[in-house]
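Trainee: I have a new model open and would like to walk through it with you. Could we take it piece by piece?

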Amino acid sequence: MRRILGIALAVLLTGGVIAVIVLGGNAAEGTATKTVRGVIGSEKSEFFRDPDVVKALADKGYTVKTETSGSWAMDRLALKEFDFAFPSSSEPAQEIEAAAGVKGAQTAKPFFSPLVVLARANAAKVLADNGLVKMNGKNSGTLLTGPYLKAAGEDRTWQQLNGSAAYTELTGTLFIKTTDPAASNSGALFLAATSNVANGGTVVSDDAGITRTAPLLRKLIEVQGALETSTDGPFRSFVSGSGEPLVLAYEAQVASLLMQKQTNAELGGMVVLYPDTTVNSPHTFVPLNDKSGELGTLLATDPQLRRLAVRHGFRPQEGVAEFTAATAPYAGYLNPGLTGIRQVGAPTVKALMAMAARAKGQGDH
């Protein structure tokens, strides 16, 4: 009897092991049937790496593999190696379409993120005391672009600002650390917004406007020294406590960290300043072949993917209510309704790249 029971138990155990292997294999494979490869802006890396996003995409039949690049450098890549490109705004998307020979592709704009300037608490206080910032609370405020550009045009230093002597870390020329405007979307849109203010509140649209704004834009860029092609580096340096006292970033990067429930100390004592003049950044999905055509639409319309985009700090198109609800606990840092912010159009790609070149001291005439 014991031998019979032993054999029966062995059979059951073997069957159980087989069942586990089969079920486990199915779970690992998921339902993904199509693998697509894309080039994305670095600010979306964590979104696509999120296991919940991976699963949600697999449930819709996709395995997505990504590489990162500065948005304005994507059109210079070997685009035939990719199934889609996902730059951080619509302007570089036009160049990508032209370079890939897919002009008129059915692009989608699943979400967007406004630019913000991150400031250390002491830096924000000094700027507010000197009329360059309007504080809305302990950890949020508005950067007054006109007064800031006036100070930059005069080569003002931190030491020349009232009250700065109490903070020995605030030294040297006053500037905002950006990315390379010739390669990175955030750097390019920073020039788009600041040039609008410098051009009397109108979009720079001709050679005269480019020439008129070039000296000021050059001061904004050249003072920074070496420039990175991604917002990720300067942002992480700021959060770690190193880096410059003023750093350009995307709101999504801040909101994502906040929703991970990090403390203000862990965030480097962050104050989030929204420039009073901004150019929105609609992340634009460009399908480069038929393989990825539906993916952009899924990212824009699927309820689960929209929720996950919000969790990573992005604002779904026409999704203010979703973003506001998700970030309500962190309203002390954020401006969900973009209250008091003037949103302006961007120059043409040609004009913006000419402005970037002039700002970097190239192509002067």
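Mentor: Gladly, and one definition will help us later: helices are DSSP runs of H or I with at least four residues, and they are numbered from the N terminus. Please also keep in mind that this is a predicted model.

Trainee: How many helices and strands are there in the protein?

Mentor: The protein has 14 helices and 13 strands. Of its 365 residues, 51% count as buried, and among the contacts with a separation of 6 or more, 77% are between residues 24 or more positions apart. The accessible surface comes to about 16,300 Å², and carbon and sulfur atoms account for 56% of that.

Trainee: Let's go to the largest pocket, then. How much space lies in it?

Mentor: The largest pocket holds about 290 Å³ of space. It is lined by 17 residues, and those closest to its centre are Glu46, Asp232, Phe235, Arg236 and Gln253.

Trainee: And which helices each supply at least two residues of that lining?

Mentor: Helix H2 (45-49), helix H9 (232-240) and H10 each do so. By residue class, the lining of the largest pocket divides into six nonpolar, six polar and five charged residues.

Trainee: Staying with H10, why is it described as largely enclosed by the rest of the structure?

Mentor: Helix H10 covers residues 251-259, and nine of its nine residues are buried, so the helix is largely enclosed by the rest of the structure. Buried here means under 20% relative accessible area. The buried residues of H10 include Glu251 and Gln253 as well as Val254, Leu257 and Met259, and Gln253 is also one of the residues closest to the centre of the largest pocket.

Trainee: What is the phi of Lys261, which follows H10?

Mentor: The phi of Lys261 is positive, near 65 degrees. Most residues other than glycine have a negative phi.

Trainee: Where else should I look for a positive phi?

Mentor: Two further examples sit in loops. Asp155 has a phi near 55 degrees and lies in the loop between helix H6 (145-153) and helix H7 (185-198), while Leu338 has a phi near 50 degrees and is found in the loop between helix H13 (320-327) and strand S13 (342-343).

Trainee: Is Leu338 buried or exposed?

Mentor: Leu338 counts as buried, at 10% relative accessibility. Asp155, by contrast, is partly exposed, with a relative accessible area of 42%.

Trainee: Switching to strands, what can you tell me about S8?

Mentor: Strand S8 spans residues 246-250, and five of its five residues are buried, so this strand too is largely enclosed by the rest of the structure. Leu246, Leu248 and Tyr250 point one way from S8, whereas Val247 and Ala249 point the other way.

Trainee: In which sense do S5 and S8 pair?

Mentor: Strand S5 (residues 115-120) and S8 pair in the antiparallel sense, over five bridges. If you want a place to start on screen, find Val116, whose bridge partner in S8 is Ala249.

Trainee: One last stop. Which residues does Ser90 touch, leaving aside those up to four places away in sequence?

Mentor: Ser90 touches Lys109, Pro282 and Thr284 on that basis. Ser90 itself is placed in helix H4 (residues 90-100), and its relative accessible area of 15% makes it a buried residue.

Definitions and conventions
Residues are numbered from 1 along each chain as its sequence is written. This is a predicted model: local features need pLDDT of at least 70, side-chain atom pairs count only at pLDDT 80 or more; totals for chains, interfaces and linings use all residues. Side-chain values use heavy atoms; hydrogens and water are left out. Buried means under 20% relative accessible area, exposed over 50%, partly exposed in between (1.4 Å probe, protein chains only). Two strands pair if DSSP finds at least two bridges between them. Contact means heavy atoms within 4.5 Å. On a 1 Å grid over the protein atoms alone, a cavity is a set of points where a 1.4 Å probe fits but cannot get out, and a pocket is an open set with protein on both sides within 12 Å along at least five of seven lines; lining residues have an atom within 4 Å of a point. Grid points are joined across faces, edges and corners, and a volume is the space filled by probe spheres set on the points. Ala, Val, Leu, Ile, Met, Phe, Trp, Tyr, Cys and Pro count as nonpolar, Asp, Glu, Lys and Arg as charged, and the others, Gly among them, as polar. Accessible areas come from the Shrake-Rupley method with a 1.4 Å probe; for residues, only the protein chains shown count as cover.
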